[in-house]
Amino acid sequence: MTAIAIRGGHLIDPGAGVDGLKDLLLKDGRVAEIAGPGKLKLANGARVLDAAGLVVAPGLVDIHVHLREPGQGYKETIATGTAAAAAGGFTSVAAMPNTIPVNDSAEITRWMQAPERGAAIRVFPIGAATRGSKGEALNDFAALKSAGAVAVTDDGHPILKDNIMRETLSAAARLGLTVIQHAEDTRLTVGASMNAGPMAFRLGLRGMPTDAESGLVERDIRLVTELRDARVHLHVAHTSTAAALAAVRQARRSGLRVTCEVAPHHFLLTEEHVGMYNTNAKMNPPLRSAADRNAMIESILDGVVDAIATDHAPHAIHEKEVEFEFAPNGITGLETALGLSLRWLHKEWKMPLGRVLSLLSAQPAALLNLKGRGTLTVGSYGDVVIFDPKAEWIFRARDTKSKARNTPFDGWTMLGKVRWTISEGRIAYSGE
Amino acid sequence: MNPPAAPARRQLHPPPVPASPFPYHPGSLLSAEDLSVAAIRHILARATFLENQDPLVRDRTLAKRRVALLFYESSTRTRTSFELAAKGLGADTTLVSSLSSSIEKGETLKDTGLTLRALGAEAIILRHNSSGAPWLLEAETRLPVLNAGDGMHEHPTQALLDLRTILAHLRPAVGGVDAETLAGVTVTIAGDILHSRVARSNMRLLPRLGARVLVCGPKELLPEVAALAGPGIAIERDFDAALRQSQAVMMLRIQAERLAGLQLNLEEYKKGYQLTGQRLAEHAPTAIVMHPGPIIRGLELTAGVADGPQSVILEQVKNGVAIRMAVVERALTAIPGGHA
């Protein structure tokens with residue numbers, strides 16, 4: 001494997017506290033050396049990337065994506081989804097188990113990681129917590145873990161029953177696995193297709209109340225409290241309500257290991273963006289009120305939010321060209337997460353660049369215990385994103401690497417253009 | 001040491017909400033919200049003109065133009081009156097209903113719309129059980145689309161014919177309407193507001209002309225957020241109190257097909273919200289009684305009230321033809337890029 005020398009760039013490795021001009025040498029898939037500008041000893045044949053004026057950072061880590069394989073290759077494949085991820089600066093993605101069939105076995109977990117899938121970057125499967133994600137019977141977590149699963153969840157569905165969630169938390173804890181909860185009390189969201197409130201009333205749509213999310217988060221935190229086991233790690237997926245964040249904040253103050261992620265659409269958009277039934281603004285959890293959206297921003301800025309995760313949910317074009325209530329939930333997000341985070345969190349709301357990058361790399365990697373990811377210390381994986389932090393550009397859905405185009409961010413201005421994405425020492429994406 | 005000051009609340013400037021591109025076609029009528037006072041005045045004036053015109057002359061207004069009626073839900077009044085309206089203007093109409101068409105075989109709304117357009121339809125009148133369907137149809141076909149009722153959302157021509165009925169009784173001398181025409185008038189809409197597209201369209205339309213709208217019903221059928229649906233709307237849970245303030249009362253059917261598992265005690269409901277002869281005589285002896293139909297006698301109102309002297313229910317039906325002639329004419333004569 002050719003060595004890659006990245007020269008002249010501004011290295012930001014938030015986990016390691018590095019923020020300055022450094023050259024970086026990648027060899028054998030790992031970070032081999034970090035040196036002051038011009039100080040690298042170059043082996044023969046090393047490829048040199050000129051990163052002058054660019055930021056060099058740990059490859060981004062998205063712990064919440066839907067790659068649709070096995071079973072729904074018409075929406076996305078592992079190859080196309082990871083190509084989109086690489087274009088977005090990601091080098092690791094954690095793939096949700098709501099595939100067809102549901103990833104509730106070591107066999108499927110291994111299948112997803114096989115070289116034949118053609119992944120451009122590293123895919124970490126997340127195993128289903130219960131058989132078929134039906135919320136009734138626990139899967140064999142040890143088998144899932146040994147096949148490579150990095151967490152368990154029934155994402156797309158909640159683990160609703162108290163006893164099942166309790167067993168899931170404690171069985172996962174024994175193996176050091178994180179439990180990711182899709183917090184939605186589905187008894188309160190029957191037939192609903194957007195946030196409950198004045199907008200849903202005006203549009204004549206049934207609404208999902210915010211308590212459907214926060215109530216389940218509160219229930220889960222109660223279960224974690226009762227278990228009294230420091231190994232238990234509850235992670236709340238796609239948090240969208242102020243009340244759920246408040247519960248997470250409180251749990252943390254009590255010393256519990258409860259973490260959460262927020263998706264870019266939930267810190268940028270509100271239910272008003274549904275407009276006149278835009279199916280590309282339909283997802284679950286739904287876009288919420290401005291008060292909830294503002295709480296997402298505040299909680300990201302003040303550090304309660306542990307990670308930005310996209311909930312990349314590709315669908316075929318024809319699936320979204322239907323009546324709003326019939327359209328499937330979800331939007332794509334891998335190619336817009338960095339550009340939106342830099343444009344809004346960094347430029348508009350003045351979050352330091354290192355902290356934004358940490359939310360997209362070091363912190364999510366730590367949440368799922370992905371060793372050697374989300375950092376560029378010597379010996380870590382050679383997972384790097386190199387981007388122009390000053391470049392503004394317009395995202396066009398038609399130019400996506402994903403199979404899907406279901407995004408509300410078509411035509412939006414992004415900040416930060418990815419020049420190269422390097423996965424384990426190989427160039428996975430090269431932009432102009 | 002002083003405690004650290006609380007950090008100043010940041011001034012957030014989030015991304016703006018983009019302006020709606022709808023309606024694409026100036027002849028479309030998707031929502032009562034899209035109607036300016038001038039457009040309402042135009043439609044009402046044309047309704048009266050067309051209604052009074054010699055049918056043999058009127059017949060040439062849209063001679064041989066093609067209008068498609070696309071109905072995903074059953075309908076008596078709306079379908080028949082739209083059909084009579086289009087035919088009365090000389091247009092050819094064709095009816096496609098979800099049963100007995102390729103919709104049964106799984107054809108999508110998009111493909112059905114494109115097919116109708118390919119067959120020469122110049123406007124589509126759509127009744128659909130899913131809120132927002134007319135917006136999808138308009139976006140995909142770019143034809144003028146007339147919303148003949150979408151899910152729980154809107155039924156704008158019903159609101160226009162209700163307005164025409166109200167004006168005939170409460171403002172008989174008024175020629176052209178303006179934003180003050182119904183100042184001082186209170187209209188109560190009572191019953192199943194939550195599931196009613198008629199309520200939503202009237203809640204948007206009537207305040208445009210200065211009316212106050214009181215919505216009335218139990219909280220299962222009338223959530224508090226209804227008061228935020230627009231200006232000029234207030235909730236009054238006490239039906240008798242609402243009646244005492246009203247010059248017009250619009251009764252709504254409980255939409256059993258949309259209750260989605262909601263359990264209602266009908267006896268309780270009738271006690272609180274049924275319009276009876278006694279209630280009407282006691283609290284609103286001069287108000288007009290309206291109903292968009294279908295009426296369920298003995299539930300939201302008694303047979304005596306439905307057939308009584310204050311009832312204008314059949315006038316509403318009759319006004320439907322005149323209003324729909326005006327909006328069909330508008331659909332086929334408005335010029336894309338122009339203003340209607």
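How far apart do the C-alpha centres of domain 1 of chain B and domain 2 of chain B lie? They lie 25 Å apart. Keep in mind that this is a predicted model.

Let me stay with chain B. Domain 1 of chain B covers 32-154 plus 319-332. Domain 2 of chain B covers 156-314. So much for the bounds; now the contact. Domain 1 of chain B puts in 25 residues, and domain 2 of chain B puts in 21 residues.

Which elements supply the domain 1 side? Helix H1 (37-52), strand E4 (145-150) and helix H12 (313-333) of chain B each give at least two residues. H1(B) gives the most, with 7 residues. By class, that side of domain 1 of chain B has 13 nonpolar, 6 polar and 6 charged residues.

Next, chain A. Here domain 1 is 4-56 plus 381-430, and domain 2 is 59-367. Their centres, taken over C-alpha atoms, are separated by 26 Å. In the contact, 31 residues of domain 1 of chain A meet 46 residues of domain 2 of chain A.

On the domain 1 side of chain A, the elements giving two or more residues are strands E19 (384-394), E20 (413-423) and E21 (426-430). Which of them has the largest share? That is E20(A), with 8 residues. The class split for this side of domain 1 of chain A is 16 nonpolar, 9 polar and 6 charged.

Stay on E20(A) for a moment. E20(A) pairs with E21(A) in the antiparallel sense, over 4 bridges. A:Ser423 stands opposite A:Arg426 in E21(A). The hairpin of these two strands has 2 residues between them. One residue to look at in that hairpin is A:Glu424, which takes a positive phi near 50°.

Last, the contact between the chains. How many residues does each chain bring? Chain B brings 28 residues and chain A brings 26 residues. On the chain B side, helix H4 (109-118), helix H5 (133-141) and helix H7 (197-205) are the elements that give two or more residues. H5(B) has the largest share, at 3 residues. The chain B side divides into 16 nonpolar, 9 polar and 3 charged residues.

To recap. H1(B) gives the most to the domain 1 side within chain B. E20(A) does so for the domain 1 side within chain A. Between the chains, H5(B) has the largest share of the chain B side.

Definitions and conventions:
Residues numbered from 1 in each chain as written. Chains lettered and ligands numbered in written order. Predicted model: local features only at pLDDT ≥ 70, side-chain atom pairs only at ≥ 80, totals over all residues. Contact = placed C-beta atoms within 7 Å. Nonpolar A, V, L, I, M, F, W, Y, C, P; charged D, E, K, R; others polar. Domains from an automatic or database assignment. Pairing = 2+ DSSP bridges.
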